[in-house]
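Biologist: Could you take one short helix in this model and walk me through it slowly? I'd like to see what sits on each side of it and what lies around it.

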Amino acid sequence: MKKLFLLSIASAAFLAFSPSLTDETNPGKKLPSVNIKDMAGNPINTAEVSNDGKPIVISFWATWCKPCKLELNTIAEEYETWQEETGVKLIAVSIDDQKTANSVESVVNAAGWEYDIWMDPNGEFKRALGVNNVPHTFLLDGEGNIVYSHNNFVPGDEEVLYEHVKEISAK
């Protein structure tokens with residue numbers, strides 16, 4: 001009985017501290033409807049985003065966040081290949097506030113990112129998706145369902161993300 005109890009505690013601890021490879025908290029959840037703007041100031045309703053039935057990656061970032069820029073720079077090196085193989089579209093959502101929002105365009109241009117850039121200066125979209133820390137990345141399937149999310153970035157995370165992109169683009 002004691003062994004069974006210890007095994008139960010060990011299993012619960014393993015599950016509690018294991019990284020989630022799928023978005024188990026939001027399976028099938030769609031993007032919330034939030035009105036924000038792109039980098040040019042054009043209005044966007046986040047619930048209306050689509051990619052002709054192909055996957056979409058949404059990455060929350062900020063100009064002051066080194067792991068965010070590392071993630072987006074790392075993906076940028078492979079992005080053209082990813083697009084050719086899967087049709088994936090990446091949208092980088094800046095959470096920079098009014099103090100740092102003016103530097104978003106220069107960071108994007110200096111990095112040469114080919115992503116769609118959305119601006120969420122009031123954090124409304126961020127809060128609607130429960131994003132607490134950046135970088136925070138979401139993967140949507142071709143029907144707009146959130147199928148994966150990941151918080152933070154270390155080298156190699158982009159490979160896990162791309163495996164999920166390939167998996168859902170093959171369906």
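Modeller: Sure, here is a close look at one helix and its surroundings. Keep in mind that this is a predicted model. The helix is α3, residues 104-111, and its buried residues are Val-104, Val-107 and Val-108. Looking down the axis of α3, you'd find these buried residues within an arc of 95°, so they line one face of the helix. That fits a simple rule: an α-helix has 3.6 residues a turn, so residues three or four places apart point the same way. Flip to the other side of α3 and you meet Asn-109 and Ala-110, which are exposed.

What do the buried residues pack against? Their partners are β3 (56-61), α2 (66-86), β4 (89-94) and β5 (116-119).

Let's pick out Lys-69, which belongs to helix α2. Lys-69 is partly exposed, as its relative accessible area is 26%. Leaving aside residues up to four places away in sequence, Lys-69 touches Val-107 of our helix, along with Ala-62, Thr-63 and Trp-113. Between the C-alpha atoms of Lys-69 and Val-108 there are 9.5 Å, although the two are 39 residues apart along the chain.

Now step off the end of the helix. Just after α3 comes Gly-112, with a positive phi of about 70°. Trp-113, one of the residues Lys-69 touches, counts as buried at 6% relative accessibility. Tyr-115 is buried too, with a relative accessible area of 6%.

Methods
Residues are numbered from 1 along each chain as its sequence is written. This is a predicted model: local features need pLDDT of at least 70, side-chain atom pairs count only at pLDDT 80 or more; totals for chains, interfaces and linings use all residues. Side-chain values use heavy atoms; hydrogens and water are left out. Buried means under 20% relative accessible area, exposed over 50%, partly exposed in between (1.4 Å probe, protein chains only). Helices (H or I, at least four residues) and strands (E, at least two) are DSSP runs, numbered from the N terminus. The arc is that of the directions from the helix axis to the C-beta atoms. Contact means heavy atoms within 4.5 Å.
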